[in-house]
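Got your viewer open and a selection box ready? Let's walk through this one stop by stop.

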Amino acid sequence: MEAANARIKRWKFLAQVLPTNQVPYVGDYIRIVGAISNRYCKPLSTGNKDEDLMLASKMRSTKVNS
């Protein structure tokens, strides 16, 4: 989840607190950024359940040991 949030926050406009008049449009902005990220960035998931579970396990053990 944090990786997805980091991708969104790379966009300057979404990296800051938005004015309240932009609240109705936030969902649209996130959809646009998500579509662009999905098209041009490396996938966050491999699509292979076993590989994703191994990565998650590695991330958990690294976090605990840090």
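Start by selecting Gln22, which you'll find in the loop between H1 and H2. Keep in mind as you click around that this is a predicted model. Is Gln22 buried or exposed? Its relative accessibility is 18%, and the cut-off for buried is under 20%, so Gln22 counts as buried. Now show side chains and look for its partner: the side chain of Gln22 makes a polar contact with the side chain of Tyr29, at 2.4 Å.

**Stop two: the rings around Tyr29**

Stay on Tyr29 and bring up the aromatic side chains. How many aromatic pairs are there? The count comes to two. One of them joins Phe13 and Tyr29, and that pair is edge-to-face, with 5.3 Å centre to centre and 90° between the planes. This pair links distant parts of the chain: Phe13 is in the loop between helix H1 (2–9) and H2, Tyr29 is in helix H2, and 16 residues separate them. Colour by accessibility and you'll see Phe13 come out as partly exposed, at 38% relative accessible area. Tyr29 is partly exposed too, with a value of 24%.

Next, add Tyr25 to the selection. Tyr25 and Tyr29 make a tilted pair, 6.5 Å from centre to centre with 40° between the planes. Tyr25 counts as partly exposed, at 40% relative accessibility. Put the selections together and you have one aromatic cluster, formed by Phe13, Tyr25 and Tyr29.

**Stop three: a charged pair on H2**

Select Asp28 and Arg31. These residues form a salt bridge, with the closest N and O atoms 3.2 Å apart. How many salt bridges does the structure hold? Just one. Both Arg31 and Asp28 lie in helix H2, three residues apart, which is about one turn of the helix. As for how open they are, Arg31 is exposed with a relative accessible area of 58%, while Asp28 is partly exposed at 41%.

**Stop four: a nonpolar patch**

Switch to a surface view and select Trp11, Ile32, Ile36 and Tyr40. Together, these residues make a nonpolar surface patch of about 430 Å². Zoom in on Ile36, which sits in helix H2 (residues 26–40). Why can Ile36 be part of the patch? Ile36 has a relative accessible area of 34%, and patches take residues with over 30%, so Ile36 passes that cut-off.

While Tyr40 is still selected, turn on Arg39 as well. The charged end of Arg39 sits over the ring of Tyr40, 5.0 Å from the ring centre.

**Last stop: the loop before H3**

Finally, move along to Ser45, in the loop between H2 and helix H3 (49–65). Ser45 is partly exposed, with a relative accessibility of 40%. Now add Leu55 and draw a distance between the two C-alpha atoms. How far apart are the C-alpha atoms of Ser45 and Leu55? They are separated by 9.6 Å, and the residues are ten apart along the chain.

How values were computed:
Residues numbered from 1 in each chain as written. Predicted model: local features only at pLDDT ≥ 70, side-chain atom pairs only at ≥ 80, totals over all residues. Heavy atoms only, no water. Patch = residues over 30% accessible without salt bridge, like charges linked within 9 Å, V, L, I, M, F, W, Y side chains within 5 Å. Areas by Shrake-Rupley, 256 points an atom, 1.4 Å probe, with all protein chains shown as cover. Salt bridge = Lys/Arg side-chain N within 4 Å of Asp/Glu carboxyl O. Helix = DSSP H or I, 4+ residues; strand = E, 2+ residues; numbered from the N terminus. Buried < 20%, exposed > 50% of the residue type's maximum accessible area, 1.4 Å probe, protein only. Phe/Tyr/Trp six-rings, centres within 6.5 Å; stacked < 30°, edge-to-face > 60°. Lys NZ or Arg CZ within 6 Å of the ring centre and 35° of its normal. Polar contact = N/O pair within 3.5 Å; in protein donor to acceptor, adjacent residues only side chain to side chain.
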